[in-house]
Amino acid sequence: MVNVMNVWKHYGTKPVVDDVSISIPKGKITTFIGPNGAGKSTLLSMISRLITKDDGEVRIENQEIGHWKTEELSKKISILKQSNHIHLRLTVRELISFGRFPYSRGRLTEEDEDKIEQALEFVALQDMQDKYLDQLSGGQRQRAYIAMVIAQDTEYVLLDEPLNNLDMNHSVQVMKTLSRLVRELGKTVVLVVHDINFASCYSDYIVAMKEGRIVEEGSTEKMIEPEVLNSIYDMDIDIHTINNQKICVYFQ
């Protein structure tokens, strides 16, 4: 279980994350939504210890995140940031092998190779494993980065805007892959997305942030309602149900 308790983050005098408390349900997809500047990415980074919090606690399995040894934390929780460009000419397989660093320290074992193979298969990139990243489409490249996280084999997988700059088809592929991580491998996935319809289709639990605070949270069924979404985004959002799936329509 991940528990966030009364966490703050300031940049200058402005609170970017303002006294936030939340418990992340295990074995589910939890999605953070909200307008730009709501504090979603900052909160995600503090949960993973990428940035320090100014106050409060983040507990992973009842242990404060600051007390975890780095090598042990990297086997428990992984994060994929939206700015994940690596300025090296790497093949897909070489990139994915980075996910095994917490275990191998750069000297890959047979078990590491097996995990890499499993990750390649999971994202269907076996035929492209020897291609360089700059030879891939944006969607293929994002799947390669997700495969690196899969190879890291952590219980908690955090992703900051994994659909950024992807077209509809590739976005669906990525979300289906994340859904399989939960359903087939029992992972706990936490992500930031801007498209409410993707949150509606694939999330189990949704957390809405605005101006650094959590303004509403709950099941997808509870959260994907006009009165909830309109209060978060300050705009008119209508909901239609198609094939038992709620779809959001936006009006300025």
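A residue is called buried when its relative accessible area is under 20%, exposed when it is over 50%, and partly exposed in between. These three words will recur at nearly every stop of the tour. The model on display is a predicted one.

**The whole chain**

Begin by displaying the entire chain as a cartoon. Ten helices and twelve strands can be found in it. The chain has a radius of gyration of 18 Å, close to the 18 Å that the globule rule gives for 252 residues, so it is as compact as a globular protein of that length. Along the principal axes, the C-alpha atoms occupy a box of roughly 50 × 45 × 30 Å.

Next, switch to a surface display. The accessible surface of the chain is about 12300 Å², and carbon and sulfur atoms account for 47% of this area. Of the 252 residues in the chain, 50% are buried. How much of the contact network joins residues at least 24 apart in sequence? Among contacts between residues at least 6 apart, the share is 62%.

Colouring by charge gives another view. The chain carries 29 positive and 37 negative charges, and the mean positions of these two groups lie 4 Å apart.

**First stop: helix α1**

Select residues 40-47, which form helix α1. Eight of the eight residues in this helix are buried, so the helix is largely enclosed by the rest of the structure. Among them are K40, S41 and T42 at the beginning of the list, and M46 and I47 at its end. Then select R49, which follows α1 and has a positive phi, near 70°.

**Second stop: helix α2 and the loop after it**

Select E71, which is placed in helix α2. Is E71 buried, partly exposed or exposed? Its relative accessibility is 32%, and E71 therefore counts as partly exposed, since this value falls between the cut-offs of 20% and 50%. To gain a sense of distance, select L178 as well: the C-alpha atoms of E71 and L178 are 24 Å apart, while 107 residues separate the two along the chain.

Now move to S74, in the loop between α2 (70-73) and β6 (77-80). S74 has a relative accessible area of 18% and is buried. Leaving aside residues up to four places away in sequence, S74 touches P102, Q152 and T154. Showing these residues as sticks makes the contacts visible.

**Third stop: helix α3 and the loop before α5**

Select S97, which belongs to helix α3 (residues 92-97). This serine is buried, with a relative accessible area of 16%. Which residues does S97 touch, not counting residues up to four places away in sequence? They are L108 and I116.

From there, select R107, located in the loop between α4 (101-104) and α5 (110-122). R107 is exposed, at 70% relative accessibility. Add S21 to the selection: the C-alpha atoms of R107 and S21 are separated by 40 Å, and the two residues are 86 apart along the chain.

**Fourth stop: two loop residues with positive phi**

Select E161 in the loop between β7 (156-160) and α7 (168-185). Its phi is near 50°, a positive value in a residue other than glycine. E161 counts as buried, at 14% relative accessibility.

Select D234 next, in the loop between α10 (226-233) and β11 (236-242). D234 is not a glycine, yet its phi is positive, about 55°. Is D234 buried or exposed? With a relative accessible area of 61%, D234 is exposed.

**Last stop: the cysteines**

Finally, select C201 and C248. How many disulfides are there? The count is zero. C201 is in no disulfide, and the nearest cysteine sulfur, that of C248, is 8.8 Å away. Why is there no bond between C248 and C201? The sulfur of C248 lies 8.8 Å from that of C201, its closest cysteine sulfur, which is too far for a bond, because a disulfide requires the two sulfur atoms to be within 2.5 Å. The surroundings of the two residues may also be examined. C201 is partly exposed, with a relative accessible area of 36%, whereas C248 counts as buried, at 5% relative accessibility.

Technical notes. Residues are numbered from 1 along each chain as its sequence is written. This is a predicted model: local features need pLDDT of at least 70, side-chain atom pairs count only at pLDDT 80 or more; totals for chains, interfaces and linings use all residues. Side-chain values use heavy atoms; hydrogens and water are left out. Helices (H or I, at least four residues) and strands (E, at least two) are DSSP runs, numbered from the N terminus. The radius of gyration is taken over C-alpha atoms; the globule rule is 2.2 Å times the number of residues to the power 0.38. Buried means under 20% relative accessible area, exposed over 50%, partly exposed in between (1.4 Å probe, protein chains only). Contact means heavy atoms within 4.5 Å. Accessible areas come from the Shrake-Rupley method with a 1.4 Å probe; for residues, only the protein chains shown count as cover. Lys and Arg count as positive and Asp and Glu as negative; His and the chain ends are not counted. The place of a charge is taken as NZ of Lys, CZ of Arg, CG of Asp or CD of Glu.
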